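Good morning, colleagues. Please turn to the sequence and the model on the screen, and I shall take you through them step by step.

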2 protein chains.
Amino acid sequence: MRNLLLTIMYDGSQYHGWQVQKNALSVQEVFQDAVEKVFKRRLDVKGCSRTDSKVHANMYCLTVKTDMNIDCQGVVWALNTKLPDDIAVIDCCEVSDDFHPRYSCKSKEYIYKIYNGSVRNPFFSKYAFYYRYNLDADYLNRECKAFIGTYDYKGFCCAKSDVEDTVRTVYDCEVRRDGDMVIFRVVADGFLYNMVRIMVGTLIFISEGKIASGELRDVILSKNRIRAGRTAPPQGLYLNKINY
Amino acid sequence: MRNLLLTIMYDGSQYHGWQVQKNALSVQEVFQDAVEKVFKRRLDVKGCSRTDSKVHANMYCLTVKTDMNIDCQGVVWALNTKLPDDIAVIDCCEVSDDFHPRYSCKSKEYIYKIYNGSVRNPFFSKYAFYYRYNLDADYLNRECKAFIGTYDYKGFCCAKSDVEDTVRTVYDCEVRRDGDMVIFRVVADGFLYNMVRIMVGTLIFISEGKIASGELRDVILSKNRIRAGRTAPPQGLYLNKINY
């Protein structure tokens, strides 16, 4: 069996996340339908991560196992003719049989876009979180460095999650401004449920003075969900890079 | 009666253009609903232009006449709370009673976005026309200058139109590249039905060598729709500026 690693991009606005679920359209289901049309059978599509409803991906990786003798460029082309406009395959390569898009992953990068203009912009409503009060990106960039390191991120995890090990290592993070857009970028070995969105809500709390300068480390160490900020809305979140 | 001039922006993806019509959702209808909620009666909303289905507006002007004593900033705020996320009011001011958003207009500017990357981008599918073969923006910029001037643009008008006077004055136009995006900008005293989209299709013909360098003026003077290019799709088109 060949193990094909596919890299895709998707606009998640219309989907209830990656994972197949009953009564709601997922990226995985739509992708499996396209795979079935190209490979003439319903193959198992393994993804690198769950994503929430309305969350986007600039880079998402998945594998498909097949016996079909079709070259990688042909797979990209054929799948793109079967996929809707909001999902695109950008690369395909063959990997070893034991490669798993989730477990072989060394780190992941997310970005979160906050539209910080003085007026609501209708073109960004599904692609960024609109926050109207001025954000000082340089200040938030300095404060956010407290996220870097290995911590028990239990306080930055949705209460609905039943994950036992809540220790994660954040390798890098930054806040930068690009015109009216403020972008938070974070790289870690893994992320808890809603972790990036709670990090962003916490940065908003810092901006609003609800968490003082230098206090973020204490908030993390408290492992107390109540001390972190609100969960920022999903449409600003993009899975940005998967490192193998 | 006060005559209020409102400036709005909209993502036209979900709408069948500006103008109210039966059995299809229009920006005007949605806007009139919001106006009715704020002003407590169904007021006439006069727009500056028709726009086609799926066409966007970075700037669109309209007027509403009212006796209500509400300040302009209050109108902006109140309407924005009633409008969906894909329509936003960005400004409001009071104008003279005889001001008409369509007839008082001196010129209009449109832009047309062509996504010219090597791979389809799902985030641009509703916001640009995807054309994969390389476009030489500098070459097209030089060639497009032939559009500037006063011409009978009959050959750049959809056959369905019944407008009698097809003479229009193009004041300025340009083609420029911004990364993978190629943007055509055009300013004129007015535009015929599908005129900008046919101009873009004609630029594509020039890029493909179907129209030779320097031949564009002849194509315009021929007044023959067959000699111009195909009508480019609507999602790349943005009404960009209204000059009064």
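Let me begin with a question: with which residue does Arg2(A) form a salt bridge? The partner is Glu94(A), and the closest N and O atoms of the two are 3.2 Å apart. Please bear in mind that this is a predicted model. As a general point, side chains of opposite charge can pair when their charged atoms come close. The bridge between Arg2(A) and Glu94(A) has a limit of 4 Å to satisfy, and its closest N and O atoms, as I said, are 3.2 Å apart. This pair links distant parts of the chain: Arg2(A) belongs to strand 1 of chain A, residues 2-10, while Glu94(A) belongs to strand 4 of chain A, 92 residues apart. Over all chains, the count comes to 24 salt bridges.

I turn next to the aromatic residues. The whole structure holds 31 aromatic pairs over all chains. One of them joins Phe99(A) and Tyr244(A) in an edge-to-face arrangement, with 4.7 Å from centre to centre and 65 degrees between the planes. Phe99(A) sits in the loop between strand 4 (87-95) and strand 5 (107-115) of chain A, and Tyr244(A) in the segment after strand 10 (237-243) of chain A, so the pair ties together parts that are 145 residues apart in sequence.

Now to the relation of the two chains. A turn of 180 degrees, with a shift of 0.0 Å along the axis, lays chain B on chain A with an RMSD of 0.0 Å. That is the relation of a two-fold axis. Within chain B, the C-alpha nearest the axis belongs to Phe123(B), at 5.6 Å from it.

How do the chains meet? In the interface, 25 residues of chain B are in contact with 25 residues of chain A. Of the interface residues of chain B, 100% are also interface residues in chain A, so the copies meet through the same surface. Between them the chains bury about 1800 Å², with 59% of it on carbon and sulfur atoms. On the side of chain B, Arg120(B), Pro122(B) and Phe123(B) lose the most area to chain A, together 39% of what that side buries.

How many salt bridges are there between chain B and chain A? The count is zero. Seven residue pairs are nevertheless in polar contact across this interface. Strands 1 (2-10), 3 (56-66) and 4 (87-95) of chain B each give two or more residues to the side that touches chain A, and strand 4 gives the most, with four residues. By type, the residues of that side divide into 14 nonpolar, six polar and five charged.

How values were computed
Residues are numbered from 1 along each chain as its sequence is written. Chains are lettered from A and ligands numbered from 1 in the order in which they are written. This is a predicted model: local features need pLDDT of at least 70, side-chain atom pairs count only at pLDDT 80 or more; totals for chains, interfaces and linings use all residues. Side-chain values use heavy atoms; hydrogens and water are left out. Copies are superposed by least squares on the C-alpha atoms of residues with pLDDT of at least 70 in both. Contact means heavy atoms within 4.5 Å. Buried area is the accessible area (1.4 Å probe) that two parts lose on being put together, summed over both. A salt bridge is a side-chain nitrogen of Lys or Arg within 4 Å of a carboxyl oxygen of Asp or Glu. A polar contact is a pair of N or O atoms within 3.5 Å; within protein, one must be able to donate a hydrogen and the other to accept it, and residues adjacent in sequence count only if both atoms are side-chain atoms. Ala, Val, Leu, Ile, Met, Phe, Trp, Tyr, Cys and Pro count as nonpolar, Asp, Glu, Lys and Arg as charged, and the others, Gly among them, as polar. Rings of Phe, Tyr and Trp (its six-membered ring) pair if their centres lie within 6.5 Å; planes under 30 degrees apart count as stacked, over 60 as edge-to-face and the rest as tilted.
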